[in-house]
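Good morning, colleagues. I should like to walk through one structure today, beginning with a single residue and widening the view from there.

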Amino acid sequence: MTIQYLTPREKKVLELVAEGLQNKEIADKLGISISTVENHLKAIFPKLGVGNRTEAARVYWQS
């Protein structure tokens with residue numbers, strides 16, 4: 001799968017996930033709520049065809 005179908009914000013969230021940040025850290029860094037981070041992840045996973053953060057990070061690093 002590829003990250004080309006992600007929105008710019010989803011790509012940024014994915015980048016931070018791939019760097020190893022937790023949801024709270026991502027929320028703080030982007031100035032959004034933890035709930036918003038979780039919503040982005042719920043949108044990202046099916047677009048990438050993955051089921052968790054680790055798989056999503058792997059897709060990010062392979063792209």
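Let us begin with Glu10, which is in contact with Tyr5, His40, Ala43, Ile44 and Lys47 once its neighbours within four places in sequence are left aside. Please bear in mind throughout that this is a predicted model. Glu10 sits in helix 1, which covers residues 8-18. Is Glu10 buried or exposed? Its relative accessibility is 5%, and because the limit for a buried residue is under 20%, Glu10 counts as buried.

One of the partners of Glu10 is Lys47, and Lys47 belongs to helix 3. With a relative accessibility of 32%, Lys47 is classed as partly exposed. Lys47 also brings in the start of the chain: Ile3 is 44 residues away from Lys47 in sequence, while their C-alpha atoms are 8.0 Å apart in space.

I turn now to helix 1 as a whole. Which residues of helix 1 are buried? They are Glu10, Val13, Leu14, Leu16, Val17 and Ala18. In general terms, an α-helix has 3.6 residues a turn, so residues three or four places apart point the same way. What covers the buried residues of helix 1? The cover includes helix 2, helix 3, which spans 34-48, and helix 4. After helix 1 comes Gly20, with a positive phi near 95 degrees.

From helix 2, I have chosen Ile26 as the example; the helix itself comprises residues 23-30. Ile26 has a relative accessible area of 0% and is buried. Its contacts, with neighbours within four places in sequence again left aside, are Val13, Leu16, Val17, Leu21, Val37 and Arg53. Among these partners of Ile26 are Val13, Leu16 and Val17, each of which is listed with the buried residues of helix 1. Another pairing to note is Ile26 with Lys12: they are separated by 14 residues in sequence, and the C-alpha to C-alpha distance is 9.3 Å.

Helix 4, residues 53-62, contains Arg58. At 43% relative accessibility, Arg58 is partly exposed. How far apart in space are Arg58 and Ala18? Their C-alpha atoms lie 7.5 Å apart, although 40 residues separate them in sequence.

Next, the aromatic rings. How many aromatic pairs does a search of the whole structure find? The search returns one. The pair consists of Tyr60 and Trp61, in an edge-to-face arrangement with 5.1 Å from centre to centre and 80 degrees between the planes. The edge-to-face label applies because the angle between the planes is over 60 degrees. Trp61, for its part, is exposed, with a relative accessibility of 57%.

Let me now widen the view to the protein as a whole. Its secondary structure consists of four helices and zero strands, and from the N terminus the order reads α-α-α-α. The radius of gyration is 10 Å, close to the 11 Å given by the globule rule for 63 residues, so the protein is as compact as a globular protein of that length. Along the principal axes, the C-alpha atoms fill a box of roughly 30 × 20 × 20 Å. Of contacts between residues at least 6 apart in sequence, 54% join residues at least 24 apart.

Finally, surface and charge. Buried residues account for 38% of the 63 residues. The accessible surface amounts to about 3,800 Å², and carbon and sulfur atoms contribute 52% of that. There are 9 positive and 7 negative side chains, and the centres of the two sets are 4 Å apart.

To return to the starting point, Glu10 is a buried residue of helix 1, and Lys47 is one of its contacts. Thank you for your attention.

Notes
Residues are numbered from 1 along each chain as its sequence is written. This is a predicted model: local features need pLDDT of at least 70, side-chain atom pairs count only at pLDDT 80 or more; totals for chains, interfaces and linings use all residues. Side-chain values use heavy atoms; hydrogens and water are left out. Helices (H or I, at least four residues) and strands (E, at least two) are DSSP runs, numbered from the N terminus. The radius of gyration is taken over C-alpha atoms; the globule rule is 2.2 Å times the number of residues to the power 0.38. Buried means under 20% relative accessible area, exposed over 50%, partly exposed in between (1.4 Å probe, protein chains only). Contact means heavy atoms within 4.5 Å. Accessible areas come from the Shrake-Rupley method with a 1.4 Å probe; for residues, only the protein chains shown count as cover. Lys and Arg count as positive and Asp and Glu as negative; His and the chain ends are not counted. The place of a charge is taken as NZ of Lys, CZ of Arg, CG of Asp or CD of Glu. Rings of Phe, Tyr and Trp (its six-membered ring) pair if their centres lie within 6.5 Å; planes under 30 degrees apart count as stacked, over 60 as edge-to-face and the rest as tilted.
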